[in-house]
Amino acid sequence: MERAGQAALLATWEAGLAAGRTGRALLLHTVARPGAATAELLAVPLGERDAALFGLRAALFGERLTMRIGCPDCPEEMEAAFDAGQLTGAAPPATGPLRVELDGWRVAFRPATPGDLAAAEQAPAERARAVLLERCVLTAEHGGEPVAARQLPEPVQRRMAEAAAAADPCADVRLNLSCPACGRPTLAELDIASYLWEELDDWARATLLDVHLLATAYGWSEAEILALSPLRRRYYLELCADA
């Protein structure tokens, strides 16, 4: 991790403490695409945003991710590894409207964006899905008659989700996990925004602890401590422990 960027990352972490899930994802996206306008970041397909976040994660903490979840059938923990480099050659999101036809229903829609998720997060829980549909559905009809997005039945919404995942693959990364104790297979979603935020939170708290210890021992400022290379910082910390 570049020393010059540590202060900026700490500022991002501090701003994200009071933000919700989509707010934190936006802050991370801003780090991944410095200089991009907020309106632009809110309008990209989710897969494009997540591809940028996978790239940021690789730059900060390496390409290899490890995911752990509890088995739903026994006390064992399941684990799977994922290489962010697998997404390097992923196809870009499809351009233009996506279309679904099922049992007389015809829908044209676009992939969801971070702005859509932010709007859904601000809505009452029972309205969140409806808000997403209303924002993403361009046209909908049944039997040749126009219908409102909220009238789309569950099977049509599932087909839309499948079409969106196929058109925007980075937006729906799932890992196959198997319990080592009972063999239960599980398909787990890898939410890179949440995953990366948790890693940034761990890093920030550990870094601030280092700053506290070195400032107490030597009277250095936070900026002076962050300017040290990781090796020199660790050496000074070891000297503090041995004192």
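I count Lys and Arg as positive and Asp and Glu as negative, leaving out His and the chain ends. On that footing I looked up the charges of this predicted model, and I note that the mean positions of the 23 positive and 34 negative charges of the protein chain are 3 Å apart.

**Entry: the whole chain**

I began with the overall dimensions, and I find that the C-alpha atoms of the protein chain fill a box of roughly 80 × 50 × 35 Å along the principal axes. I then listed the secondary structure, which comes to ten helices and eight strands. Of the 243 residues, 37% count as buried, while the accessible surface comes to about 13,600 Å², with 52% of that area belonging to carbon and sulfur atoms. I also looked at contacts between residues at least 6 apart in sequence, and I note that 61% of them join residues at least 24 apart.

**Entry: the nonpolar cores**

I keep in mind that in soluble globular proteins nonpolar side chains tend to be buried together. Which residues touch the most other members of the largest nonpolar core? Of its 38 residues, I find that these are Leu-28, Phe-54, Leu-65, Phe-82, Leu-190 and Leu-200. I traced where this core comes from, and the elements that each supply at least two residues include the helices α1 (6-16), α2 (21-32) and α8 (192-218), together with the strands β1 (64-70), β2 (77-83) and β7 (174-178). The largest share, ten residues, comes from α8.

I followed Phe-54 further, setting aside its neighbours within four places in sequence, and I find it in contact with Leu-65, Phe-82, Ala-84, Leu-87, Val-173, Leu-190 and Ile-192. Apart from this core lies another, of 15 residues, among them Val-100, Val-107, Ala-149 and Met-160.

**Entry: Arg-57**

Is Arg-57 buried or exposed? I looked it up in helix α4, which spans residues 46-61, and I find that Arg-57 has a relative accessible area of 4%, so it is buried, since the cut-off for that class is under 20%. Leaving aside its neighbours within four places in sequence, I see Arg-57 in contact with Gly-62, Glu-63, Arg-64 and Leu-65, and also with Ile-192, Tyr-195, Leu-196 and Glu-199.

**Entry: the salt bridges**

How many salt bridges does the structure hold? I find 16, and I followed a few of them residue by residue.

I noted first that Glu-101, Arg-106 and Glu-141 are linked in a network of salt bridges. In the bridge between Arg-106 and Glu-101, the closest N and O atoms are 3.5 Å apart, and in the bridge between Arg-106 and Glu-141 they are 3.9 Å apart. Arg-106 lies in strand β4 (residues 105-109) and Glu-141 in strand β5 (residues 137-142), so this pair ties together parts that are 35 residues apart in sequence. As for accessibility, I have Arg-106 as partly exposed at 46%, Glu-141 as partly exposed at 27%, and Glu-101 as exposed at 55%.

I then turned to Arg-234 and Asp-210, whose side chains meet in a salt bridge of 3.5 Å, N to O. This pair links distant parts of the chain, with Arg-234 in helix α10 (residues 230-242) and Asp-210 in helix α8, 24 residues apart. Arg-234 is partly exposed, with a relative accessible area of 42%, whereas Asp-210 counts as buried at 12%.

How values were computed: Residues are numbered from 1 along each chain as its sequence is written. This is a predicted model: local features need pLDDT of at least 70, side-chain atom pairs count only at pLDDT 80 or more; totals for chains, interfaces and linings use all residues. Side-chain values use heavy atoms; hydrogens and water are left out. Helices (H or I, at least four residues) and strands (E, at least two) are DSSP runs, numbered from the N terminus. Buried means under 20% relative accessible area, exposed over 50%, partly exposed in between (1.4 Å probe, protein chains only). Contact means heavy atoms within 4.5 Å. A nonpolar core is a set of buried Ala, Val, Leu, Ile, Met, Phe, Trp, Tyr and Cys residues joined through side-chain atoms within 4.5 Å. A salt bridge is a side-chain nitrogen of Lys or Arg within 4 Å of a carboxyl oxygen of Asp or Glu. Accessible areas come from the Shrake-Rupley method with a 1.4 Å probe; for residues, only the protein chains shown count as cover. The place of a charge is taken as NZ of Lys, CZ of Arg, CG of Asp or CD of Glu.
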